[in-house]
Amino acid sequence: MSSLAGLVEEGRVAPDWAEALAPVDDRIAAMGRFLGDEEAAGRGYQPPAERIFRAFERPLADVRVLVVGQDPYPNPSHPIGLSFAVERDVWPLPPSLVNIYVELRDDLGIVPPRHGDLSAWADQGVMLLNRSLTVRPGDSNSHQGKGWEVITDRAITALAARGGPCAAILWGRHAQSLKPLLGPVPWVESAHPSPLSARRGFFGSKPFSRVNRLLEEQGAGPVDWALPEYN
């Protein structure tokens, strides 16, 4: 994995994100070594190297909504570097994403697509950020505590320091533990959309309309949460 300067040159990290992440550049280098060791040991990692920093491809200045996930899907070839999203050809969709789509329909009346590629949200300034940016295939949470959290905590702190208009969506206790990092950034929160907890407060929480109201209160336009069926 390249240094921040290399990631910018390759178009994998926006220049303003590279500036914001400069204090943890040594941690990024250490994670590159860790992933190299994982590959050398035959354990591998995902998403592929060119997609690890996909949440940082769009400028920090353009972020309007932060959605925090825990780590990439462990299913081989599913993750695309955006939290909760999968490759367009993945079917059936992950259960958490199915529940997100149910709430999207119930909240805004939007009929979801038959794919799980959330790039259209990212294109509008929705930062789909996992706390851990990689995972060992088939082994959920396997890269938790290895060092990614230092990097993603720094990203959230930098976003809060940038100021609004911005709002966050915090699903589940893991994401809600980040509230102290958000500073003045308002948030909406609920139970996680996973099948284990969705009926304990996720369904009916209306996160999409609520976060749009928070943006409008800050003088920004709402996010269009509709997802096209095709590119």
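Buried means under 20% relative accessible area, exposed means over 50%, and partly exposed lies in between, with a 1.4 Å probe and protein chains only. The model on your screen is predicted, and local features need pLDDT of at least 70, side-chain atom pairs count only at pLDDT 80 or more, while totals for chains, interfaces and linings use all residues. Residues are numbered from 1 along each chain as its sequence is written, and side-chain values use heavy atoms, with hydrogens and water left out.

**The sheet**

Begin by selecting the strands; helices (H or I, at least four residues) and strands (E, at least two) are DSSP runs numbered from the N terminus, and two strands pair if DSSP finds at least two bridges between them. Here 4 strands make an open sheet in the order β2-β1-β3-β4, with parallel pairing. Colour β2 (126–130) and β4 (187–190) to see the edge strands, each of which pairs on one side only. From one strand to the next the twist averages 15°, where axes are lines fitted to C-alpha atoms, for helices over the stretch in contact, and angles run from 0 to 180 degrees between N-to-C directions.

Now zoom in on β3 (residues 167–171), which runs parallel to β4 and is joined to β4 by 4 bridges; the bridge partner of A168 in β4 is W187. Next add helix α8 (residues 207–217), which lies across β1 (65–69), β3 and β4 and runs at about 155° to β3, contact being heavy atoms within 4.5 Å.

**Aromatic rings**

Rings of Phe, Tyr and Trp (its six-membered ring) pair if their centres lie within 6.5 Å, and planes under 30 degrees apart count as stacked, over 60 as edge-to-face and the rest as tilted. By this rule there are 10 aromatic pairs. Select W17 and F56, whose ring centres are 5.0 Å apart with planes at 90°, so this pair is edge-to-face. W17 sits in helix α2 (residues 15–21) and F56 in the loop between α3 (25–40) and β1, so the pair links distant parts of the chain, 39 residues apart. Adding F53 shows a tilted pair with F56, because the centres are 5.9 Å apart and the planes are at 55°. F53 is buried at a relative accessible area of 1%, and F56 is buried at 0%.

For a wider view, select F84, W121, W171, F202, F203, F208 and W225, which form one aromatic cluster.

**Salt bridges**

A salt bridge is a side-chain nitrogen of Lys or Arg within 4 Å of a carboxyl oxygen of Asp or Glu, and the whole structure holds 10 of these salt bridges. Select E38 and R136, whose side chains meet in a salt bridge of 3.2 Å, N to O. E38 lies in helix α3 and R136 in the loop between β2 and α6 (148–162), so the pair ties together parts 98 residues apart in sequence. E38 counts as buried at 3% relative accessibility, whereas R136 is partly exposed at 22%. Adding R43 and D139 brings into view a network of salt bridges that links E38, R43, R136 and D139.

Move next to E87 and R51, which meet in a salt bridge of 2.4 Å, N to O. Both ends are partly exposed, E87 at 25% relative accessibility and R51 with a relative accessible area of 26%.

Finish at D153 and R131, where the closest N and O atoms of the salt bridge are 2.8 Å apart.
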